[in-house]
Amino acid sequence: MALEITDATFDEVVLKNDKPVVVDFWAAWCGPCRMVGPIIDEVSKEYEGKAVVGKLDVDANQEYAAKYGVRNIPTVLIFKDGEIVNRQVGVSPKKAYTDAIDTLL
């Protein structure tokens, strides 16, 4: 299961992490988000120990969604050393996320 990320934990979990970090910006009411959710959970299991994979509910946590210009959801941002290195907007196949992580490992 993907890690729950909040505005309160974002800095520590995402920006200060030495591993690649995948953040799925989503909301419960969003249909496409419900399609991406299980994919993100699978990626989380496959990359356990190698990358951090989490989800941020944009309804409950708006600070970082606004900071990174997340206007459409789902948006998946991939961070390395506190910087965005990849952005996927909308529903993407699992391979899009795993390929992006693999280039960072």
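1. Start with the pairing of β2 and β3 in this predicted model. Strands β2 and β3 run parallel, and six bridges join them. If you want one pair to look for, take D24: its bridge partner in β3 is K55.

2. Strand β3 has another partner as well. Three bridges join it to β1, residues 3-5, and these two strands also run parallel. Here you can find I5 standing opposite L56 of β3. How many of the six residues of β3 are buried? Five of them are, so I would call this strand mostly covered, in keeping with the cut-off for buried of under 20% relative accessible area. While you are looking at strands, keep a general rule in mind: in a regular strand, side chains alternate between the two faces of the sheet.

3. Now follow the chain from β2 to β3 by way of helix α2. Together, β2, α2 and β3 form a β-α-β unit, and the unit is right-handed.

4. The helix itself invites a small check. Helix α2 covers residues 31-46, which makes 16 residues, and at 1.5 Å a residue it should span 22 Å. The C-alpha atoms at its ends are 24 Å apart in the model, which agrees with that expectation.

5. Which residues of α2 are buried? They are C33, V36, G37, I39, I40, D41, V43 and S44. What covers them includes the strands β2 (21-26), β3 (52-57) and β4 (75-80), along with helix α4 (94-102).

6. D41 deserves a closer look. This residue lies in helix α2, and its relative accessible area is 14%; because buried means under 20%, D41 counts as buried. Leaving out residues up to four places away in sequence, D41 touches M1, A2 and K55. K55 is the residue you met in point 1 as the bridge partner of D24. You can also compare D41 with G54: they are 13 residues apart along the chain, and their C-alpha atoms are separated by 8.4 Å.

7. Finally, please look at the cysteines. The structure holds one disulfide, and it joins C30 to C33, with an S to S distance of 2.4 Å. In general, a disulfide is a covalent bond between the sulfur atoms of two cysteines. Are C30 and C33 buried or exposed? Both are buried, and C33 also appears among the buried residues of α2. Which hand does the disulfide have? The torsion about the S-S bond of C30 and C33 is about 80°, so the disulfide is right-handed.

Definitions and conventions: Residues are numbered from 1 along each chain as its sequence is written. This is a predicted model: local features need pLDDT of at least 70, side-chain atom pairs count only at pLDDT 80 or more; totals for chains, interfaces and linings use all residues. Side-chain values use heavy atoms; hydrogens and water are left out. Helices (H or I, at least four residues) and strands (E, at least two) are DSSP runs, numbered from the N terminus. The expected span of a helix is 1.5 Å times one less than its number of residues. Buried means under 20% relative accessible area, exposed over 50%, partly exposed in between (1.4 Å probe, protein chains only). Contact means heavy atoms within 4.5 Å. A disulfide is a pair of cysteine sulfur atoms within 2.5 Å. Two strands pair if DSSP finds at least two bridges between them. A crossover is right-handed if, with the strands pointing away from the viewer, the path from the first strand over the helix to the second runs clockwise.
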